[in-house]
Amino acid sequence: MTEIALHGEHEHPSGIARWLFSTNHKDIGTLYLCFSLLMFFVGGCFALVVRAELFQPGLQFVSATTFTQMTTLHALVMIFGAIMPAFVGVANWMLPLMIGAPDMALPRLNNWSFWILPFAFLMLLSTWAMPGGPPTTGWTMYPPNSLQTGMAFPFVIFAIHLMGISSVMGAINVITTIVNMRAPGMTWGRLPLFVWTWLITAFLLIGAMPVLAGAVTMLLTDKYFGTSFFNAAGGGDPVMFQHVFWFFGHPEVYIMILPAFGIVSQIVPTFSRKPLFGYRSMVYAVAAIAGLSFIVWAHHMFTVGMPIAGELFFMYSTILIAVPTGVKVFNWVTTMWRGSLSFETPMLWALAFIVLFTIGGFSGLMLGLAPVDFQYQDTYFVVAHFHYVLVTGALFAIVAAVYYWLPKWTGHMYDERLGKIHFWISAIFVNVLFFPQHFLGLAGMPRRIPDYAPQYTEWNMISSIGAFVFGFAQLLFVYNIVRTARGHGAPAGARPWEGAHGLEWTLPSPPPYHSFTEPPVVDDAQAHT
Amino acid sequence: MAGSSNRWFRLSAVAASLAAAARPAFADFETGLTPGVTTTSHEIYWLHGLAYWVCVAIGVVVYGAMAWAIFHFRKSRGAVPAQFHDNTRLEIAWTLIPLLILVVLAVPATLTLIRMKDTSDPALTIKVTGQQWRWRYDYIGQGVGYFSSLDQKSVDAAKLHSGIDPAAVPNYLREVDNPLVLPTGRKIRLLFTATDVIHSWWMPALGYKVDANPGFINEAWTRIDQPGTWRGQCAELCGVGHAYMPIVVTAVPGEQFDAWLAKKKTEQASAAAAAERQWTKEDLMAKGQEIYGKICTACHQANGKGIPGTFPALDGSPLVNGPVAGHMDRVMNGKPGTAMQAFATQLSDVDIAGVITYERNSWGNKTGDVVQPSQVKAARK
C-alpha cells in the first residue's frame, strides 16, 4: 500500500485491480464512458422492441404489459445509465486536464460513485426475472398507478436511490475540484465553458437528486408502510407526487443538456478558428437557465387541474427559458460568423446539435403555452420534443465530445471517413425517426400506447425504419472507438486540432498518469477568451 | 372584443378546413392539429398556428445565418478568421427582441386560458369518471349514467397475435359501446374524477384534455357548434389497458338530445326493476359472461388464470370457491392497495350477481351456487 502511494508514478495497479480500485480520473472516466456505451445499447434494444411493435397497428411481437415495461426501462436506462454517466465520464477525463490539476479532488469518492452504478443497474434490470416483471408505469412512476407494481417496485426504488447517491457524490467531487484545484491564472473569467457548465450542472444535481429520493421513498412507504402521501382516501393527494417528481425532473432535463452546451462551446470555436463569441453572456445564460429550471416544473402538469394563477405563472416562467437558450444559439452562430470553418467529424456533430436542438427548443416553446399544451400534453408531439433535446441534443454532444477528445484520450486519430459516414447516417435517420412523431402527436396519437388507430400507420412505419437504421449505425461508432483505442490510426500529437486552445492540448496524447504534476501557469492567450 | 376575435377564429377555422379539404388523398398522412368544433378549440388552433409561424420565422433567421456562415466562411475557400468576440449591444438586442416576441405569444394565450376557466352557468353538468379501463358518464341530476367501454370488435382484434387486420375493424381502438351524447349549442360543464389511478380525458375536437384524478374533481366546459361524432382516447398512462379506453362524443341538436335523455331515463328505471325478480342460472351465467368479458378479463384473463405475480387467478381460487359472502364482499368492496376496485358503485345488482355466479361456475370452479340480484341488493345495506 505504502509502496504504491510512494511510487505511484511507476507502480500503479494493473489488470483487473487497475479498474476495480482505480482512483485515477482518466481510468474512472474510461469506466464511466464504457459503462454508458453499454447502457446506451441496452436502452437502445428496449427502444427497438418498442419501435418494432409500433411498426403497424395490432400487437405482433409483445404483449401490452411487456411493451409498457420496455418504455419504462428504456427511459430509466437511457437517462440514468447512458446520458448522465457519459457526461460524468467526459467530466472525469477533461476537468483536471482543462483546469490544470493532477487529478479529481476526491479520488476515492470518485471510485465509489462509479462502482455503485453497475450494481444499481444490475438490480434495475434484474426485475425482468421477477414475477410480474419491471414496472408498467413509465419512468415517471405516477401513483396510484405505480403502487400497483408487483415485486419489482422496491428494487426499482432502491436502484434509483443508488443512482442518486452516485450522482450526488460525483457532483460534490466536480464542485470541489473546480473550486480548489484550478492552476494559477485559471481565473473564473478564463474557465473553459465546459468547466463552467459542469460546475453549474453539479449544483443542479445536488439540488435535484435528493428530491427524487424523497419522492420515491414516499412511494415506498405508501405501498408498504401504510402512509397516505399520495392516497386521497387517507388525506393525501396523487398530484403532489407529480409536483415533487417534476421539481426534480425539470432540473434533471438541464442536468442532461448544460454539459452538452459546454461541449459545443468548446468545439465550435476550435473548428471556426475564432474565440467563442460572448463568453460572459454564455456563462450568464447557463446560470439563468439553471436558476429558471427550479421554477418551471409544473409545465409538465398543465392538465392536472391547477388554479389559473398557477397555470399563468408556470407558462410565463417556462417560455422565459427561451430567452437565455436563444442567447446561446445566437452566440454559437456568431462564433462561426467570419471564422475559418472546417468540418471534421466533431464539428459536424456540433453543428447538427445546434440545428436539431433548436428544433427541440421550438417545440418546447410551443409546449410552454398552456392552452395549446392542453392538446399537446402526453402525445407523440411531446415524445418528439424531448427526443430532439435528448438525442440530437445531449447524445449528439456526447458523440461530438468523444470524436473531439478521443485523439487526446488514446493518442491516435480515429478514422475520419468512418466518422463522417457515421455522422451522415445518424443525422439523416434520427430525423426520419423523430420528425414524424410531431405529426403523430398533432394528429392525436397519445404516448405510451402499444397499439394505435390505423390512421397513424404510415408515420409510425417511417419512424420505425428511422429507428432501426439509426440504432444499427451506432455500431460504426463502437467500431471506430475500439479501432482507435487499440492503436490504429495516425499518432495524434499533443494538439491534433489546428484551432484548439486550452490546457488539455498542452499535454501529450495520451496524457501522463497524473495529468499535471506541476501546475501550469495560465495566461490570456491560452484561455483564448 | 369577444365578437371580433370570434370572427377571426371562425375565419381561420374556415381556412383550415378548406386546406384540409384540398388534400383528402393524404388523409392518412395526417400532419396537423384538428381545428375542432368549439370556440375554445378554434382559439387553441389559432394559437398553435401563431406559435408555429413564430418558430418558423426565427428558424429562417438562425438557420439562414448558419447556412451563410457554413457556405461563405469555409477554410477551404481561404476564409481568414476574424478575432472579434464580444458585443454588448448585440447581446442586449438578442435578449430584448425574443422577450418582445414572448409577450406577443403570452397575451393571447393568457386570454384564452382565462376564458377556458369560466365554467359558470352551464345548461348541463356531466360527471366523467375514469377507471381501469373504461369511462363512466353521469348526467348529474338526470338519473342517467352509463359505462363507455372499448367496442368488442376492437377488443378481439387487439389481442396479441389475434390474426385480425386492425384496418378491417371500423374505427379500430376508437369505437365504444356507448358514446357520450351531448347537445349542440348549449354550455356543458364537465367534471372529471377517477376511481383508481389517474386517467386523462382527451377530446381533440373540443380542444383539450383534463386529468381525472382519484379523490379530486377537475372541471372544464364546452359548447359544441355542430352535430357530429368525434373520437379521442385516454392520454395518461393508467396501466396496461391504457391504449384501450377510447372516448367517443356524439353531438346532436337540442330537441333530439332531450328525447334521447328521456328514453335513457326510462330504460335505466326498468333495468332497476329487473333486479327485483328471480333470475335463472342460465340468464345469470350469460349476463356474468358478458360483464366478465368487459371488465374482469383485463386483469384476471378470459381463462381465469390471471397474470402470475401481478393479477391473481380466479380458477381454483380459495376465495371464489369459498363462502358466497366472502366472494361478494371482494367484488363489491375491492381490495385496497391493489388494482381490485370496489365494484359496488360501478355495477348494477344484476351485473354483480351475474359475474359472481359466472366465476363460481366456470373453468375448474364447480360450486353450483347461484347468486340472485336480490342478494346483492341486500348486501348493499
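Helix H5 (residues 254-274) of chain B lies across E4 and E10 of chain B and runs at about 135° to E4(B), where helices (H or I, at least four residues) and strands (E, at least two) are DSSP runs numbered from the N terminus. Such angles run from 0 to 180 degrees between N-to-C directions, and the axes are lines fitted to C-alpha atoms, for helices over the stretch in contact. Two residues are in contact if their C-beta atoms, placed from the backbone, lie within 7 Å. This is a predicted model, in which local features need pLDDT of at least 70 and side-chain atom pairs count only at pLDDT 80 or more, while totals for chains, interfaces and linings use all residues. Residues are numbered from 1 along each chain as its sequence is written, and chains are lettered from A and ligands numbered from 1 in the order in which they are written.

The two strands beneath this description, E4 and E10, belong to an open sheet of five strands in chain B, with the order E4-E10-E9-E6-E7 and mixed pairing; two strands pair if DSSP finds at least two bridges between them. Strand E4 (180-183) and E7 of chain B stand at the edges with a single partner strand each, so one side of each is left without a neighbour in the sheet. On average, neighbouring strands of this sheet are turned by 25° against each other, direction ignored. Within the sheet, E9(B) and strand E10 (residues 246-252) of chain B run antiparallel and are joined by six bridges, and the bridge partner of B:Thr229 in E10(B) is B:Thr250. Strands of a sheet pair through backbone hydrogen bonds, either parallel or antiparallel.

Another set of pairings in chain B involves strand E5. Five of the seven residues of strand E5 (residues 188-194) of chain B are buried, so E5(B) is largely enclosed by the rest of the structure. A residue is buried if 20 or more other C-beta atoms lie within 10 Å of its own, exposed if 12 or fewer, and partly exposed in between, with C-beta atoms placed from the backbone. E5(B) pairs in the parallel sense with strand E1 (residues 124-131) of chain B over seven bridges, and antiparallel with strand E8 (residues 218-222) of chain B over five bridges. B:Ile188 appears in both pairings, standing opposite B:Leu124 and also opposite B:Thr222 in E8(B).

The loop between helix H4 (152-157) and E4 of chain B holds B:Asn171, and B:Leu173 is found in the loop between H4 and E4 of chain B as well. B:Asn171 has a positive phi of about 50° although it is not a glycine, and B:Leu173, also a residue other than glycine, has a positive phi near 65°. B:Asn171 is partly exposed, with 17 other C-beta atoms within 10 Å, whereas B:Leu173 counts as buried with 25 C-beta neighbours inside 10 Å.

Chain B also meets chain A, with 85 residues of chain B in contact with 85 residues of chain A. On the side of chain B that touches chain A, the elements giving two or more residues are helix H2 (39-72), helix H3 (88-116), strand E7 (208-212) and strand E9 (228-234) of chain B. The largest share of that side, 14 residues, comes from H3(B). By class, the side of chain B that touches chain A has 49 nonpolar, 23 polar and 13 charged residues; Ala, Val, Leu, Ile, Met, Phe, Trp, Tyr, Cys and Pro count as nonpolar, Asp, Glu, Lys and Arg as charged, and the others, Gly among them, as polar.

In chain A, helix H7 (residues 193-224) and helix H10 (residues 279-292) pack at an angle of about 15°, with their axes 10 Å apart. That makes H7(A) roughly parallel to H10(A), since angles under 35 degrees count as roughly parallel, over 145 as roughly antiparallel, 65 to 115 as roughly perpendicular and the rest as oblique. A:Leu193, A:Trp196, A:Thr197, A:Ile200 and A:Leu204 in H7(A) meet A:Met282, A:Val283, A:Val286, A:Ala287 and A:Ala290 in H10(A), and by class this contact has nine nonpolar, one polar and no charged residues.

Two loops of chain A contain cis peptide bonds. One joins A:Pro143 and A:Pro144, with omega about 0°, and A:Pro144 lies in the loop between helix H5 (107-125) and helix H6 (152-180) of chain A. The other runs from A:Ser509 to A:Pro510, with omega near -10°, and A:Pro510 is found in the loop between H17 and H18 of chain A.
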